[in-house]
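Trainee: I would like a close look at one part of this model, and I am still learning the vocabulary. Could you take me through that part slowly?

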Amino acid sequence: MPAVVEIVSFGYLHEEPPTAHLTIDLRHHFRDPHVSPELRYMTANDEPVRTAVLNTPGITDLVEATATAIAAFASGPSAGVVTVADGCAGGRHRAPTFARALADRLTAAGHSVTVHHRDLDKPVVQR
């Protein structure tokens, strides 16, 4: 059954995670493009960042697993929007790339999806 899904990407270093049914923390298990000087000031709007993130082992498996979890929420007895929040450190690289990949996967499966990148346009966090 098609679901209505809202995906919010965010950065943990900016403010608290948004309220969601599923919150995916991308900080500790997936390489951070921020550590590469050539990618640091780019965002998920730039192809080199998307390529770096999507070529990280495990990311596509996590997209699939999240899509499966969303289908489980959608098949429950209560209808409604399923909200997914996915976060990385600054919200500029991993989280928005993951959000877009998940949205593409869900849209291909017939779900209605909206995506909001809360922190994509915020300044690079110096750390």
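In which sense do strand β1 and β4 pair, and over how many bridges?

Mentor: Strand β1, which covers residues 4-11, pairs with β4 in the parallel sense, and 6 bridges join the two. Two strands are said to pair when DSSP finds at least two bridges between them, and the strands (E, at least two residues) and helices (H or I, at least four residues) are themselves DSSP runs, numbered from the N terminus. Keep in mind that this is a predicted model, in which local features need pLDDT of at least 70, side-chain atom pairs count only at pLDDT 80 or more, and totals for chains, interfaces and linings use all residues. Residues are numbered from 1 along each chain as its sequence is written, and side-chain values use heavy atoms, with hydrogens and water left out.

To see the pairing at a single position, start from valine 5, whose bridge partner in β4 is valine 113. The two strands belong to an open sheet of 4 strands, where the pairing is parallel and the order is β2-β3-β1-β4. Because β2 (22-25) and β4 (112-117) stand at the edges with a single partner strand each, one side of each has no neighbour in the sheet. On average, neighbouring strands of this sheet are turned by 15° against each other, direction ignored. Axes here are lines fitted to C-alpha atoms, for helices over the stretch in contact, and angles run from 0 to 180 degrees between N-to-C directions.

From the strands we can move to the helices, beginning with α3 (residues 59-74), which lies across β1, β2 and β3 (82-88) and runs at about 170° to β2. Another pair to follow is helix α2 (residues 47-54) and helix α4 (residues 94-108), which pack at an angle of about 80° with their axes 9 Å apart. That angle makes α2 roughly perpendicular to α4, a label given to angles of 65 to 115 degrees, while those under 35 count as roughly parallel, those over 145 as roughly antiparallel and the rest as oblique. In this pair, Val49, Arg50, Val53 and Leu54 of α2 meet Arg94, Thr97, Arg100 and Ala101 of α4, where contact means heavy atoms within 4.5 Å. Sorted by class, the contact of α2 with α4 holds 4 nonpolar, 1 polar and 3 charged residues; Ala, Val, Leu, Ile, Met, Phe, Trp, Tyr, Cys and Pro count as nonpolar, Asp, Glu, Lys and Arg as charged, and the others, Gly among them, as polar.
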